[in-house]
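Please look over the sequence and the model displayed here before reading on. The report concerns how strands pair and how one residue is placed.

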Amino acid sequence: MPEKIILSHKRAPGDVICFSAAVRDIALTYPHKYEIYTFSSCKTLFDNNPHIKKALNAPSANIRRIDLTYGHHIRQATRKYLHFITAFHRSFTEQTGDPLEVLQPKGDLHLDEWHKQNSPMYRRYWVTFAGGKTDFTTKVW
């Protein structure tokens, strides 16, 4: 029987998208070891995710909860060149003892069939964001 786990991360949407890469890589690396549930601040980002059992509105007491974080891993980035996504993978490895490598350096989002067929944009376009946060210098223009 696979172990039931809740992978949890409750920060900003961009962080949760990066967290989704770890969810994908755990499911692909350990397909029979874990039954994965997610608990995040952006539940809808996991609505169509084939790698999880269910996105939860609240954590369940009878399932092992693993909070994937990036805090001390980001502080290491001043001395090492590491992609932001690797922080979630390393957090998982530290907490479970199961090695986890980044299989693809990108988030893992899945659209439903309606959104695949009905794009809001029909031509090439640019996305411009003129804001930012000062907690990381790469988040500000």
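The sections below deal first with strand pairing and then with the surroundings of one serine.

## Basis of the report

The model is a predicted one, and the descriptions that follow should be read with that in mind.

## Strand 1 and its partners

Strand 1, which covers residues 3-9, is mostly covered, with 5 of its 7 residues buried. Strand 1 and strand 2 run parallel and are joined by 7 bridges, and within this pairing Ile6 stands opposite Tyr37 of strand 2. Between these two strands the chain passes through helix 1 (residues 13-29), and the resulting β-α-β crossover is right-handed.

Strand 1 is also paired with strand 4, which comprises residues 64-67; these two strands run parallel as well, and 4 bridges join them. In this pairing Ser8 is the residue that stands opposite Asp67 of strand 4.

## Ser40 in strand 2

Is Ser40 buried or exposed? Ser40 belongs to strand 2, which spans residues 34-40. Its relative accessibility is 10%, and because buried means under 20%, Ser40 counts as buried.

Apart from its neighbours within four places in sequence, Ser40 is in contact with His9, Lys10, Val16 and Phe46. Of these, His9 falls within the residues 3-9 of strand 1, while Val16 falls within the residues 13-29 of helix 1. In addition, a polar atom of the Ser40 side chain lies 3.1 Å from the backbone nitrogen of Cys42.

Conventions:
Residues numbered from 1 in each chain as written. Predicted model: local features only at pLDDT ≥ 70, side-chain atom pairs only at ≥ 80, totals over all residues. Heavy atoms only, no water. Buried < 20%, exposed > 50% of the residue type's maximum accessible area, 1.4 Å probe, protein only. Polar contact = N/O pair within 3.5 Å; in protein donor to acceptor, adjacent residues only side chain to side chain. Contact = heavy atoms within 4.5 Å. Pairing = 2+ DSSP bridges. Right-handed = clockwise from strand over helix to strand, strands pointing away.
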